[in-house]
Every structure is written in structure tokens, then in C-alpha cells.
Amino acid sequence: MEIATALGCFVGFAFGGLVFVAYKLGLLYQLFHKTETQSPRHGGESVAEVLRAHGVKFVFTLVGGHISPILVACEKLGIRIVDTRHEATAVFAADAVARLSGTVGVAAVTAGPGLTNTVTAVKNAQMAESPLLLLGGAAATLLQGRGALQDIDQMSLFKPLCKFCASVRSVKDIAITVRKALAIAQSGTPGPVFIEFPIDTLYPFHLVSKEFGVKNPPKGIMGKVVTWYLHNHLKNLFAGAWETRDVSPLPVHIPQATDNQVQKCIELVSRAKKPVILLGSQATLPPTPTDDIRAALESLGIPCFLGGMSRGMLGRNSPLHIRQNRSDALKEADLVLLAGTVCDFRLSYGRVLNRRSRIIAVNRDKTQLLKNSDMFWKPTVAIQGDAGSFLLRLSKGLKGHTCPEDWPQSLKAGDVTKEKANRRKADEKTDRHLNPLSVLHRVDELMADDSIIVADGGDFVGSAAYIMRPRGPLRWLDPGAFGTLGVGGGFALGAKLCRPESEVWIIYGDGSLGYSVAEFDTFTRHKTPVIALVGNDACWSQIAREQVPILGSNVACGLAFTGLYVAYCTLIGTILGISSAHSHTCNVSVGLYHLFGCPNTHPIHSLFSPFLDYHIVADGYGGKGTLIGREDEDKLDGIIKEAQKETRQGRATLLNVLIGKTNFREGSISV
């Protein structure tokens with residue numbers, strides 16, 4: 001009896017062990033799910049089907065063999081493939097689409113260096129809270145870690161940057177993995193997600209099987225085991241691959257304030273005499289339409305400071321939109337509503353908030369909601385929820401109540417006084433070239449009402465943020481809290497594709513332009529005409545403005561003093577008795593141009609200019625470039641209008657504006 005029992009246990013364990021082994025080897029799944037060896041279908045088709053079902057209209061890419069099936073399948077299903085000149089640009093463009101369309105932006109890049117080139121752009125999307133799906137190629141499943149081409153541990157790179165990372169291990173898993181990733185990207189605090197596709201999960205069975213074939217297998221039992229294992233792995237890759245699967249969107253979870261929290265805030269706001277709202281990018285996120293948020297803010301009548309994507313929320317000239325003197329207003333306010341705004345460096349870590357003020361903080365992310373609240377500020381009410389939906393509920397609860405009119409009026413009066421002073425600075429003559437403030441004012445006055453402004457730069461863009469006025473919601477794009485240079489080309493590309501009828505302006509510094517000027521080729525090929533305004537002072541001025549006075553050196557801050565120009569300056573300096581030619585070169589050059597009647601458009605300029613000829617680069621990529629100097633000041637309006645005409649006719653344009661120095665924003669630093 002004992003022997004029989006023991007034998008039964010042994011048989012049971014052995015059977016269980018065999019079942020477990022069969023399960024791990026995929027043999028059980030193969031019993032019930034067919035491997036269609038003759039099917040011409042491939043994994044890229046599964047990716048494309050899910051993307052189409054989720055309303056994805058564009059996939060941005062720089063092509064590579066690892067991901068070709070995804071691109072081909074998407075194109076066949078009507079998803080537009082937009083190829084760029086750098087992988088980072090592809091991700092930046094997807095980021096812009098996510099912000100402007102309310103859907104997930106999608107980029108696809110090849111394995112290894114293709115993915116590593118996207119790291120900065122993905123981190124930027126994470127910090128900007130943009131829902132973005134990055135599709136990456138990878139080495140074949142059995143070759144990972146064995147020295148395959150462009151094979152690295154990609155998952156370790158992206159796990160700290162993304163809300164969700166997955167590596168597809170069989171074709172049948174593609175649909176559910178992509179659906180899950182898209183839902184996670186939009187849920188809670190939006191952000192980037194990453195899916196790795198080994199190359200053997202994307203190509204058809206007949207091609208993959210050729211790569212799995214062993215031409216000279218080892219002899220004997222080991223050879224048979226290796227051959228069987230490879231064949232079984234191949235069957236597992238494709239078992240059940242083409243069975244019908246659900247590709248529809250999964251539910252998206254968005255945190256909301258409770259009724260009790262909203263009621264408490266209604267009571268606080270109703271008692272406030274000097275309330276202020278600080279609106280951040282989160283307020284523009286779905287599901288609340290931006291027009292509804294604007295109506296809610298106007299109903300509340302509370303003065304607002306707008307940041308990030310919320311710039312333009314109240315239109316160009318709203319009496320509630322306060323642009324200047326924020327620190328003074330916060331010191332005086334008795335209630336501050338942080339609607340998607342974070343107490344990081346942009347609010348001096350919370351130190352600008354008055355400790356006597358009641359503070360309502362609303363943010364989807366708990367960490368951002370309470371950032372630095374242990375040091376410099378304390379929320380009266382902290383709500384982990386959607387800022388846009390909260391504002392609508394707050395406005396509804398305060399229907400009939402409005403902020404005392406004298407408070408926004410007093411802030412607006414200060415606003416007007418400060419902006420008049422800024423305008424006077426724009427009228428001042430700089431030592432050389434054009435006053436950058438004057439240029440920005442004139443562009444702002446002439447740009448179309450449907451314009452989208454893309455900000456990519458340091459000093460010049462910092463000035464533009466004070467001067468240029470987005471005409472409406474979702475018409476200002478900047479990198480966000482990460483402060484990334486190089487977003488311009490990608491953001492503008494995504495913006496123009498989302499809003500083809502809109503005028504898209506990139507405000508570039510001459511330093512930041514270098515990152516994405518090659519995308520003028522992309523603008524030309526994909527018929528996405530934009531206007532690039534380059535503030536060209538041949539300097540990394542945002543850095544120089546602190547490095548020079550603090551450390552006494554301009555090292556690495558200067559640009560474009562090279563070649564014939566240096567020899568030319570040395571000669572002129574010797575003739576005129578100038579010991580430090582470089583400190584006087586531009587004045588000398590301008591003087592000689594006038595003496596000899598050589599305007600900036602003269603070919604001799606390209607030989608002796610201290611400024612890089614970015615306008616010629618744009619021409620080379622199929623765009624239209626124009627150099628603008630002091631002698632063009634009276635013609636500036638006409639040049640701007642001509643650039644607008646060129647873009648309406650389908651040609652991207654670049655205005656290379658030579659600018660001088662002003663003391664505007666003196667004292668601002670870049671760290």
C-alpha cells in the first residue's frame with residue numbers, strides 16, 4: 001500500500017512536472033492555437049491596427065530595418081509616416097501632437113543608437129507630462145545579450161523615464177501590449193511609455209524562419225536538441241498570432257477632486273478679497289475642453305498668471321490675464337490657487353508664496369502636488385486631481401459670485417505700466433544691429449490670429465516670453481520644466497501637422513537653432529511650411545550674461561568668429577589701431593559695409609560676416625532664408641509679411657535677424 005501510494009505520488013509529481021515544462025516551453029498553448037506558417041502577415045500590422053483604433057494620425061520616425069514593418073503597415077492603414085533628420089526630433093514632434101491633439105503622440109525608432117538618440121526628448125516629455133508612445137526596435141529574442149547588431153539593454157535606459165516599459169516576446173502579445181501602453185500614457189499623470197519590439201516579432205514567419213534555420217547543426221543528440229529548441233521557439237513566436245483580438249481603447253483613469261474638497265475650496269474662494277490663480281500646463285489636458293476652462297476662469301473673475309501650455313488660455317488682451325509683477329501680486333494675495341502649477345524653481349521652490357495666504361493646490365501627481373511643501377510653503381487644501389475639471393466645478397459652485405473688481409484692475413494697471421516700460425526699451429537703439437525687443441514686438445503685432453508660437457532658445461526666447469502674446473489656448477509650445485534646447489524643429493513639425501491652417505512660428509536663439517536646422521529638409525519634404533525667427537547675436541547669451549560678470553571670461557559662449565573674418569578683423573584692427581579687434585569687429589564691419597555700399601544681402605557678406613549664414617542653410621534645405629540687419633529696420637514689416645506669404649504658398653522660411661544687446665532681463669540667470 002505504501003509502495004502504491006509512493007508510486008502514485010511519484011507519478012503525480014512527474015506528470016505535474018511534465019505539464020509545467022510543457023507550459024514553459026509553450027507546448028500547451030501550441031495545442032490550442034495554430035501557428036500559420038504560410039501567412040504573409042507580420043507583427044507590424046498588429047501595431048498599426050491598434051494605433052488606428054486609437055485615432056493615431058501620425059507616426060514620427062527616422063527609418064531603420066528593425067522597425068520597417070511598423071512603418072509600412074501604418075502607411076497602408078492611412079496613418080501618415082513623417083520621417084525626420086534626427087530621432088530626437090521625431091519624439092519632440094510626437095510630444096507636440098500629444099499636447100495639441102489631446103491624444104497620444106507616437107514615435108518609432110530603430111534599435112540601439114536610434115533609441116539612445118531619443119533619451120533627452122523622452123525625459124523632456126516625462127517632465128512636461130506629455131502622453132507619448134515610443135516604439136523601438138531590438139535585436140531578435142534569442143540574440144539579445146549575444147552581441148547582435150545594435151543590441152543593448154534598452155529597458156534599463158527607459159524604465160526611469162517612462163510610466164510603462166515592455167518588451168514584446170511573441171506576436172500574439174502585440175495588440176494587448178500596445179493597448180495597455182496607450183491607456184497608461186493617458187491615465188493619472190500623463191507621460192511617455194515605451195515598447196521594445198525584437199525584430200523577429202515584426203517580420204513574417206517565412207523570413208524569420210530562415211534566420212532560425214541552423215545550416216550546420218551539431219551532430220548527435222545535442223544537435224537534435226538545439227534544432228528542436230529553435231523550431232519550438234519559432235512556433236511560440238507565431239502561435240495564435242493572427243487570431244481576432246480586441247484593438248479598441250482601454251479605459252483611461254483620471255483622478256478627480258472629491259465633492260467635499262471642491263466644497264471646501266468654494267468656501268475659501270468666496271471669502272477671499274485678493275485671490276490669484278496660477279495656471280499650469282496640466283490645466284490644458286483632456287478631458288476638459290480648453291474653451292470650457294476659459295469660460296470658467298472668466299466666470300470666476302480672478303486674476304490669472306498663465307504658464308507653459310496654458311499661455312494664451314484667456315486670449316491676447318484679457319483683463320484677467322496678468323503678465324508682469326507676479327512676485328508682488330503673490331505677496332499681496334490672500335488666496336492662491338495652484339492649478340497644475342508646481343512649486344519648483346519657477347516659483348522659487350514656494351518661497352514667493354505668502355505664508356499668510358490660503359493656498360489651494362491641485363495636481364494629478366502627488367509628488368508634484370506637494371513638492372517643497374516640507375520647507376517653504378504649506379497647502380491649505382491639497383487635491384490630487386485634474387486641474388481643468390476642478391476649475392469647472394469650482395466655477396459652477398461659485399455661480400453668481402465674482403472676485404472684487406478693484407483687485408484685478410489694480411494688478412492690470414501695474415501690468416500696463418511695466419509693459420509700457422518694456423516698450424520704451426524696445427525703442428532704444430542698440431550699439432549694433434537691431435534691438436531684439438523691437439523685432440519681437442513687430443513680429444507679435446503682425447503674426448496671424450491663428451498663430452502657434454514654438455519657443456526654443458535661451459536669452460532671445462526669454463525676452464519673447466515677456467513680449468509675445470499667444471492668441472488663444474494651445475498656441476504656445478515650450479519645452480517645459482526640463483528647459484531642453486532643440487525642441488523647435490520637432491515641435492513646429494507636430495504643430496503644423498495638427499493645425500495645417502495655422503501660422504507656426506519658431507522663436508529660435510542662434511545657439512538652439514543648430515540642434516534642428518536640418519529639419520528644414522523635413523519641412524520641405526512633408527510640405528509643412530513654418531516660419532523660423534532667429535535672434536542671431538553670435539553668442540550663447542543666456543550663459544554669457546552670468547558667466548562674464550561672475551567669472552570674468554566669455555570662454556565657450558561666443559559663436560562664429562572664424563576663418564576669413566578673423567583675418568579681416570585683425571587687418572582692420574591694425575589699420576585703425578584697435579588692439580582688441582574682436583571687441584570692435586562688428587562695429588568696424590558695419591561701418592565698412594556702409595562705406596563701400598555692401599548691404600547684408602551682398603555676396604561679400606558670406607566671406608566676412610561674424611554671424612553664421614543660417615538663412616543660406618535654410619535655402620540649401622529647400623526653404624527660403626532672409627538675412628536682416630540694421631539697414632533693413634525700415635523694411636522689417638515688409639520682410640515679415642513676405643515670409644508669411646511664402647509660408648502660405650508652401651515654403652518654410654527662416655529670418656536670420658542680427659540683434660544687439662540690451663539690459664532687458666538683466667540679472668536673470670540660467671541655473
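**Exercise 1. Classify the accessibility of serine 348 and describe its backbone.**

*Solution.* At 23% relative accessibility, serine 348 counts as partly exposed. Buried means under 20% relative accessible area, exposed over 50%, and partly exposed in between, with a 1.4 Å probe and protein chains only. Serine 348 belongs to the loop between β9 (335–339) and β10 (358–363). Helices (H or I, at least four residues) and strands (E, at least two) are DSSP runs, numbered from the N terminus. The phi of serine 348 is near 50 degrees, a positive value in a residue other than glycine.

The structure is a predicted model, in which local features need pLDDT of at least 70 and side-chain atom pairs count only at pLDDT 80 or more, while totals for chains, interfaces and linings use all residues. Residues are numbered from 1 along each chain as its sequence is written, and side-chain values use heavy atoms, with hydrogens and water left out.

**Exercise 2. Determine whether histidine 433 is buried or exposed, and state its phi.**

*Solution.* Histidine 433 has 8% relative accessibility and therefore counts as buried. Its place is in the loop between α17 (406–426) and α18. The phi of histidine 433 is near 60 degrees, again a positive value in a residue other than glycine.

**Exercise 3. Locate aspartate 449 and list its contacts beyond four places in sequence.**

*Solution.* Aspartate 449 is found in the loop between α18 (436–446) and β12 (452–456). Its relative accessibility is 63%, so aspartate 449 counts as exposed. Once neighbours within four places in sequence are set aside, aspartate 449 is in contact with Arg471 and Arg475; contact means heavy atoms within 4.5 Å. The C-alpha atoms of aspartate 449 and glycine 472 are separated by 8.4 Å, and these two residues are 23 residues apart along the chain.

**Exercise 4. Characterise the peptide bond between proline 286 and proline 287.**

*Solution.* The bond joining proline 286 and proline 287 is cis, with omega about 15 degrees. Proline 287 lies in the loop between β7 (275–279) and α13 (290–300).

**Exercise 5. Give the strand order of the six-stranded open sheet and identify its edge strands.**

*Solution.* The order is β2-β1-β3-β4-β6-β5, with parallel pairing. Two strands pair if DSSP finds at least two bridges between them. The edge strands, β2 (80–83) and β5 (164–167), each pair on one side only. Neighbouring strands of the sheet are turned by 20 degrees against each other on average, direction ignored. Within the sheet, β4 (residues 132–138) and β6 (residues 192–198) run parallel and are joined by seven bridges. Leucine 135 stands opposite isoleucine 195 in β6.

**Exercise 6. Describe the packing of helix α5 against helix α20.**

*Solution.* The axes of α5 (residues 87–101) and α20 (residues 488–498) come within 7 Å and cross at roughly 45 degrees. Axes are lines fitted to C-alpha atoms, for helices over the stretch in contact, and angles run from 0 to 180 degrees between N-to-C directions. The crossing angle therefore makes α5 oblique to α20. Angles under 35 degrees count as roughly parallel, over 145 as roughly antiparallel, 65 to 115 as roughly perpendicular and the rest as oblique. The contact includes Phe92 and Leu100 of α5 as well as Phe491 and Leu493 of α20. By class, the contact has nine nonpolar, five polar and two charged residues. Ala, Val, Leu, Ile, Met, Phe, Trp, Tyr, Cys and Pro count as nonpolar, Asp, Glu, Lys and Arg as charged, and the others, Gly among them, as polar.
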